[in-house]
Amino acid sequence: MWEKTPYWTYSLNDESCLISFEYASKGLAINAAMEDAEIEGAKRVWIGRINEYIPTVDAESVINQVQFDGADAAAEEDVNWPFECLDKVADDDFDELEYMLTEAYRKWEDKHPEYKPKAYMITDIEEFQVIAEWCMTPENKKCLEDHDYIVEKDPYHKCYKISWK
């Protein structure tokens with residue numbers, strides 16, 4: 001399953017080529033993107049939220065495997081296997097098993113990070129026009145501030161720092 005992280009990233013090319021740098025907030029990602037855009041001469045930047053793939057263990061698959069293994073073992077020994085009891089697992093018990101199995105897997109994965117998937121997906125992508133000092137009109141500044149951005153002139157560059165409130 002995909003879970004949103006608190007981290008953001010950016011791209012100077014387009015929304016499908018976001019880089020792997022992580023920023024603790026959207027505002028920090030915007031600032032970094034604007035600084036990078038000034039250096040690279042980019043006219044637009046894309047900001048997006050990083051989502052991590054978090055594996056879950058499917059309880060139904062585990063129960064089915066237990067049933068199949070038990071039935072096979074019983075057949076080999078020519079005994080009855082009472083696997084019908086697993087056909088009627090209550091929803092709460094089923095959810096509890098899935099939670100416990102998933103937690104056990106995640107602990108194992110934390111202990112062995114070399115097996116942890118390094119997959120991520122970017123969502124909540126927004127495109128921003130790079131605003132240099134010469135094109136920051138009072139109307140642009142007001143529009144950004146109306147959308148909860150903080151707009152400050154950067155004394156070291158000919159641009160404005162734009163951050164998220």
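**Entry 1: a term before I start**

I count a residue as buried when its relative accessible area is under 20%, as exposed when it is over 50%, and as partly exposed in between. With that in hand I looked up Trp 108, and because its relative accessibility is 38%, Trp 108 counts as partly exposed. I note here that the model I am reading is a predicted one.

**Entry 2: the chain as a whole**

I went through the secondary structure and found four helices and five strands in the chain. Following the sequence from its start, I wrote down the pattern β-α-β-α-α-β-α-β-β. I then looked up burial for the whole chain, which has 165 residues, and buried residues make up 30% of them.

**Entry 3: the sheet**

In what order do the three strands of the open sheet stand? I found the order β1-β2-β3, with antiparallel pairing. The strands at the edges are β1 and β3 (120-129), each of which pairs on one side only. From one strand to the next, the twist averages 20°.

I next looked at how β1 and β2 are joined, and I found seven bridges between these two strands, which run antiparallel. At one place along them, Tyr 10 stands opposite Ile 47 in β2.

On the other edge strand I picked out Ile 125, which is found in β3. Ile 125 has a relative accessibility of 30%, so I entered it as partly exposed. I also looked up its distance to Gly 48: the two residues are 77 residues apart along the chain, yet the C-alpha atoms of Ile 125 and Gly 48 are separated by 4.2 Å.

**Entry 4: aromatic rings**

I reminded myself that a pair of aromatic rings is described by the distance of the centres and the angle of the planes. How many aromatic pairs are there? The count comes to four aromatic pairs.

I took Tyr 10 and Tyr 23 as one of my examples, and their rings lie 5.9 Å centre to centre with 35° between the planes, a pair that is tilted. Tyr 10 belongs to strand β1 and Tyr 23 to the loop between β1 and α1 (26-40), so this pair ties together parts that are 13 residues apart in sequence. I checked both residues for burial: Tyr 10 is buried because its relative accessible area of 4% is under 20%, and Tyr 23 is buried as well because its value of 19% is also under 20%.

Is the pair of Trp 108 and Tyr 115 stacked or edge-to-face? Their ring centres are 5.4 Å apart and their planes stand at 5°, so I recorded the pair as stacked. Looking around these two rings, I saw that ring pairs link Tyr 105, Trp 108 and Tyr 115 into a cluster.

**Entry 5: the second largest pocket**

Last, I looked up the second largest pocket, and its volume is about 240 Å³. There are 13 residues that line this pocket, and the closest to its centre are Glu 22, Ile 50, Glu 52, Ala 119 and Tyr 120. Which elements give two or more residues to the lining? They are β1 (2-11) and β2 (44-53), and β2 gives the most, with three residues.

I sorted the residues of the lining by type, and they divide into seven nonpolar, two polar and four charged. I close the entry by noting that β2, which gives the most to this lining, is also the strand that stands between β1 and β3 in the sheet order.

Terms used: Residues are numbered from 1 along each chain as its sequence is written. This is a predicted model: local features need pLDDT of at least 70, side-chain atom pairs count only at pLDDT 80 or more; totals for chains, interfaces and linings use all residues. Side-chain values use heavy atoms; hydrogens and water are left out. On a 1 Å grid over the protein atoms alone, a cavity is a set of points where a 1.4 Å probe fits but cannot get out, and a pocket is an open set with protein on both sides within 12 Å along at least five of seven lines; lining residues have an atom within 4 Å of a point. Grid points are joined across faces, edges and corners, and a volume is the space filled by probe spheres set on the points. Ala, Val, Leu, Ile, Met, Phe, Trp, Tyr, Cys and Pro count as nonpolar, Asp, Glu, Lys and Arg as charged, and the others, Gly among them, as polar. Rings of Phe, Tyr and Trp (its six-membered ring) pair if their centres lie within 6.5 Å; planes under 30 degrees apart count as stacked, over 60 as edge-to-face and the rest as tilted. Buried means under 20% relative accessible area, exposed over 50%, partly exposed in between (1.4 Å probe, protein chains only). Two strands pair if DSSP finds at least two bridges between them. Axes are lines fitted to C-alpha atoms, for helices over the stretch in contact, and angles run from 0 to 180 degrees between N-to-C directions.
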